[in-house]
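Visitor: Please take me through this model and state the rule behind each term.

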Amino acid sequence: MNRVLIKDALTNTPAPAQVAVAGWVRTVRISKGGFSFITLNDGSCLASIQVVADKKLPNYEAEIVRLAAGSSVVVRGELVQSRGKGQAVEIQAAEVRVIGACDAERYPIQPKRHSFEFLRTQAHLRPRTNTFGAVARVRNEMCRAIHEFFQSRGFVYVHTPIITASDCEGAGQLFRVTTLEPGKADFAQDFFGRPTNLTVSGQLEAEAYACALGKVYTFGPTFRAEDSNTPRHLAEFWMVEPEMAFCDLKGDADLAEEFLKFIFKAVLDRCREDMEFFHKWVDKTVIDTLAAVAESDFVRLSYTEAVEILGKAERQWEFPPAWGSELQTEHERFLTEQTFRKPVIVTDFPAAIKPFYMRLNDEQPAGRETAAAMDVLVPRIGEIIGGSQREERLEVLAERMTAAGINPDDYWWYLDLRRYGSVPHAGFGLGLERTVQFVTGMANIRDVIPFPRTPRSAEY
Ligand code: 4AD
Ligand code: MG
């Protein structure tokens, strides 16, 4: 008999049918009436299915009444309308086959609420809990929506390299890739014959493809050796990076807004059960916020205006806002949570605090040069997207590189894009995990990626 997913069994119109399901036991309740109730979960949805096992089953005494949470079983039987409360259908078992026993004494996942801190120490088993199953399913739907969004708009999916010799953000937060013995720094002898690192962003290579195919996106893991132990930083995270030729900052911001709304609507439409779970157990505002954001116009303002607003705010800052300084998370959250109460796109940051590739704005007062940069800020998270129009003028770009201490010769191929048929182009990067956090209400970024990588933590 073909195995069905529990998700499909539960939504079956309860015409009696023979089914087989397979999964992990959540609970077993032995009834005095001579049968047992097993709740079985297979991860296809949040809900478990109830299995009714009669004592007439041949392995009833030997196996079924001894089943512990965590055991794996295959159940064959009839899908019938449930007589109990809480579920529409249940399975009247004709066979309960135990596949893998589970030692109830030692199994770390007990049928109770565990703290997220504890579950981080059980990252291999936590997907069997309601919360982490729901996070995995929502993350999956978001990835599907991301591809749908770009594919339906003519973007070409490009795979940019993981190992690279460039440092896109110029921040030096690189994980070195080497086959040399520790202590030997003669990169001429190294595998690639030069220093290489894990990529911090696929942008530079995406630009090459955008300047040939028009609209592209890359979506992959990126790596940053920044020693930030915060609820919003990972050393390995996933980034979605669209890049568009013949596009300016306004077009970039329009795409970012449309893109986020598309993802949020998709999750609301397709992950109802999981989202209701997050609403009930994790954050009571999460569904309303998503629905409101999916319908609202994002606020757009310049960095200069943002700093003025922050300067007038009557509150204590850890970092007092000042023109020329980075916007800190406290500033970002103030703008999006207090001032505007919706997503905010801040544009035109001081050029001095932004990477070399961002386009210098035209005609600016000396000492107040800005770049055509944008950050999208959302409540609870702060920056979720960073992007810009790219510097398409060869001389300006080469100067910016030199000023940033980068040798333009190392980026000869990137400069070629400006030598041969240069075009205005723009793009952005969306941090997938921060977006999953925003959507689910999960407070810590370590709980929205299966196996988090953070400073001094790379178990599994
Ligand atoms: O603002 P960032 O550094 O921008 C870039 O890397 C550009 N090259 C993107 C582009 O224009 N193609 O990073 C983009 C986003 C941030 O807004 C944030 O959501 C996420 O990536 N991000 C991180 N997420 C988790 N952990 C970290 N350490 C992150 N650093 C950035
Ligand atoms: Mg940024």
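Guide: In this predicted model, the axes of helix 4 (residues 203-213) and helix 11 (residues 412-419) come within 10 Å and cross at roughly 30°. Axes are lines fitted to C-alpha atoms over the stretch in contact, with angles from 0 to 180 degrees between N-to-C directions; helices are DSSP runs (H or I, at least four residues) numbered from the N terminus.

Visitor: Which residues make the contact of helix 4 with helix 11?

Guide: Gln203, Leu204, Glu205, Glu207 and Ala208 of helix 4 meet Trp413, Tyr414, Leu417 and Arg418 of helix 11, contact meaning heavy atoms within 4.5 Å.

Visitor: What makes the crossing of helix 4 and helix 11 left-handed or right-handed?

Guide: A crossing is left-handed if the near helix is turned anticlockwise from the far one by less than a right angle, and right-handed if clockwise. Helix 4 passes helix 11 in a left-handed crossing.

Visitor: How many salt bridges does the rule find across the interface of domain 1 and domain 2?

Guide: The rule requires a side-chain nitrogen of Lys or Arg within 4 Å of a carboxyl oxygen of Asp or Glu, and it finds zero across that interface. The domain assignment, automatic or from a database, gives domain 1 (6-100) and domain 2 (126-447).

Guide: Residues are numbered from 1 along each chain as written, and chains are lettered from A and ligands numbered from 1 in written order. Local features need pLDDT of at least 70, side-chain atom pairs count only at pLDDT 80 or more, totals for chains, interfaces and linings use all residues, and side-chain values use heavy atoms, without hydrogens and water.

Key:
Helix = DSSP H or I, 4+ residues; strand = E, 2+ residues; numbered from the N terminus.
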